[in-house]
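Student: Could you take a close look at one part with me, namely the way in which helices meet one another? I would like a careful explanation that joins the pieces together.

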Amino acid sequence: MMLSNLLVSNMRRRRKFIELSSLAAMRAQFLIECLADLKKNLVKRGLNLLIQHGKPEEILPSLVKAYGAHTVYAQKETCSEELNVERLVNKRLQQLLPQLGNGVSRNQSSTQVTRLELIWGSTMYHMDDLPFECSCLPDVYTQFRKSVESKSTIRGCIKMPSLFGPTLAIGDWGCVPAINELGFQQEKAVSRDLLRRYKDTRNGMLGPDYSTKFSPWLASGSLSPRFIRDEVRRYEKERQSNDSTYWSLSLSLSLSLSLSVHAILFELMWRDYFRFLSIKYGNSLFHPGGLRKTVQSWSQDQTMFETWRDGRTGYPLIDANMKELSTTGFMSNRGRQIVCSFLVRDMRIDWQMGAEWFETCLLDYDPCSNYGNWTYGAEEMSPTEEKDQLPGAEAALGDMGEEGDQAEEDGGGGLDPGLCQAAERDVHAISVGNDPREDRYFSIPKQAQNYDPKGEYVAYWLPELQALPSDKRNFPGQSYIKPVVALKHGNTNKSSDKSTASATRNHQAGGKQVEGSKRRTR
Ligand SMILES: Cc1cc2nc3c(=O)[nH]c(=O)nc-3n(C[C@H](O)[C@H](O)[C@H](O)COP(=O)(O)OP(=O)(O)OC[C@H]3O[C@@H](n4cnc5c(N)ncnc54)[C@H](O)[C@@H]3O)c2cc1C
């Protein structure tokens with residue numbers, strides 16, 4: 001028996017700052033569609049999908065009791081809330097033992113314990129194939145990548161049988177829930193089809209073609225990274241392996257995709273990396289001080305936070321990205337990095353508030369990737385402190401710097417298997433997250449010039465800027481909202497300097513400074 005607790009686990013994470021918002025309806029709608037698709041495909045192959053709505057620790061034991069199952073299979077999770085569900089399910093299954101007897105299948109004796117079998121999944125590299133124990137995972141991504149690339153292999157996909165079954169004699173298979181049955185309002189759920197609306201314009205943040213848009217399907221378990229990798233290999237065989245060759249892969253997603261062959265595997269390794277990191281560091285991923293448990297002063301000024309959340313900061317690039325997020329549930333990787341840097345470094349607002357907002361909105365929300373990336377971008381230490389604590393870290397820069405989307409500067413050598421000492425030393429060579437780079441600041445004027453030079457992206461999401469000349473859309477001065485803070489490293493838009501300076505003074509006077517503490521306990 002294998003059942004999914006997908007809907008439950010994607011909507012139950014405990015929050016400190018943000019209540020479950022109606023925006024989570026977008027993800028709920030997406031997951032409902034995934035579920036409907038899964039059911040349809042199973043039926044096509046002679047099976048069915050039993051759907052029940054409730055707590056896994058209550059539903060699974062009741063099904064075991066009703067059908068006399070000897071084993072419950074589920075995918076192994078890594079973060080604390082999900083691990084707690086596993087623990088509760090297991091506990092309740094153990095408690096079933098004395099009750100077995102009635103309704104138990106013929107091949108199950110009354111003394112048999114129902115097992116919970118947890119199976120590793122989700123990552124491109126299987127955990128058992130890593131060249132090190134997860135507890136010795138390198139803290140610098142480059143070292144991780146080099147090590148797995150040279151010493152591990154990616155398993156192929158298991159071919160799906162054309163026919164399963166025979167199907168079980170179950171009276172009521174349950175229905176795919178409607179969005180309002182999950183406590184969300186129908187009209188608030190904006191379908192992901194909105195992503196197609198801007199198909200006609202292309203650049204780093206606008207349009208369907210700059211990246212794969214695989215993430216929601218990967219996060220929900222609808223798409224396997226190993227399948228993507230197999231398709232990449234198939235393409236390479238057909239069209240010769242070549243770094244500079246671009247590929248196009250058509251899956252059932254009906255979006256046209258093009259990305260460098262090796263770049264996509266590289267991105268998928270980031271995804272693996274954050275998942276393995278969550279095993280190594282456990283709850284630290286969710287602590288205010290991150291993996292290093294540093295103590296920092298963050299502002300939790302709600303009014304200021306809301307200007308960021310709602311896209312009213314006065315910086316078109318930030319506001320456009322935040323509007324895209326709340327409208328579609330998606331934001332480009334570059335956008336995510338820029339708004340994260342702005343919230344943490346320019347506004348000095350608690351990174352956890354940003355992470356929770358992303359958690360609320362993202363269709364592709366995944367605790368490991370979200371909190372991993374947020375902690376990666378959240379640190380700001382004095383250069384002296386950082387130098388003192390980062391011996392040799394400059395030689396092994398992580399990526400996600402200003403220049404180059406997910407590019408990395410290699411410098412660190414691969415980590416030998418079992419070199420736990422070196423890995424442990426690296427724990428101190430990292431920031432709140434695992435970015436060894438000093439003050440990874442994203443300058444908004446520079447990002448706007450590089451990635452939205454004609455202001456097409458900002459004008460798409462902020463129609464009030466459409467009438468402005470293209471070179472003014474990112475720097476609208478008096479024609480747009482007054483900036484709420486000055487940029488930490490200055491603003492090339494001279495016209496807004498005065499207003500940003502006064503905005504900063506107001507912010508500092510009214511903003512509540514709260515020292516990061518260990519309030520988030522998971
Ligand atoms: C602050 C912040 C929060 C993020 N939160 C999430 C999240 O909750 N869920 C999520 O899936 N991704 C998250 N990302 C990573 C990344 O932004 C998205 O995976 C990517 O933008 C999705 O678009 P795509 O599928 O077109 O990616 P592509 O660029 O086409 O990459 C292909 C796949 O590689 C993986 N990937 C790419 N970049 C990263 C990365 N930096 N970290 C982890 N995996 C990566 C994703 O699974 C993605 O689908 C976050 C990044 C930042 C900076």
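Tutor: Let us begin with helices H10 and H11, whose crossing is left-handed (the near helix is turned anticlockwise from the far one by less than a right angle, while clockwise would be right-handed). What you see is a predicted model, in which local features need pLDDT of at least 70 and side-chain atom pairs count only at pLDDT 80 or more, while totals for chains, interfaces and linings use all residues. Residues are numbered from 1 along each chain as its sequence is written, and helices are DSSP runs (H or I, at least four residues) numbered from the N terminus.

Helix H10 covers residues 316–328, and its axis packs 10 Å from that of H11 at an angle of about 120° (axes are fitted to C-alpha atoms over the stretch in contact, and angles between N-to-C directions run from 0 to 180 degrees). Because of that angle, H10 is oblique to H11 (under 35 degrees is roughly parallel, over 145 roughly antiparallel, 65 to 115 roughly perpendicular, and the rest oblique). On the H10 side the meeting residues are Leu317, Ile318, Asn321 and Met322, and on the H11 side they are Gly335, Ile338, Val339 and Phe342 (contact means C-beta atoms, placed from the backbone, within 7 Å). By class, this contact of H10 with H11 has six nonpolar, two polar and no charged residues (Ala, Val, Leu, Ile, Met, Phe, Trp, Tyr, Cys and Pro are nonpolar, Asp, Glu, Lys and Arg charged, and the others, Gly among them, polar).

From H11 we can move on to the ligand. Of the 30 residues around the ligand, those that come nearest are Ser211, Thr212, Ser215, Glu267 and Asn370 (near means a C-beta atom, placed from the backbone, within 6 Å). H11 (333–346) is one of the elements that give two or more residues to this shell, alongside H6 (215–219), H8 (261–281) and H13. H8 supplies the largest share, six residues, and the shell as a whole divides into 13 nonpolar, 11 polar and six charged residues.

H13 leads us to another packing, for Asn370 also takes part in the contact between H12 and H13. The axes of H12 (residues 351–361) and H13 (residues 367–378) come within 10 Å and cross at roughly 150°, which means that H12 is roughly antiparallel to H13. This crossing is right-handed. Here H12 brings Trp351, Gly354, Ala355, Phe358 and Glu359 to meet Asn370, Tyr371, Trp374 and Ala378 of H13, and the classes in this contact are six nonpolar, two polar and one charged.

Elsewhere in the chain, H3 (residues 56–67) and H4 (residues 80–95) pack with axes 8 Å apart at an angle of about 35°, and their crossing is right-handed. Pro56, Glu57, Leu60, Pro61 and Val64 make the contact from H3, while Val85, Leu88, Val89, Arg92 and Leu93 make it from H4. In this contact eight residues are nonpolar, two are charged and none is polar.

Definitions and conventions: Contact = placed C-beta atoms within 7 Å.
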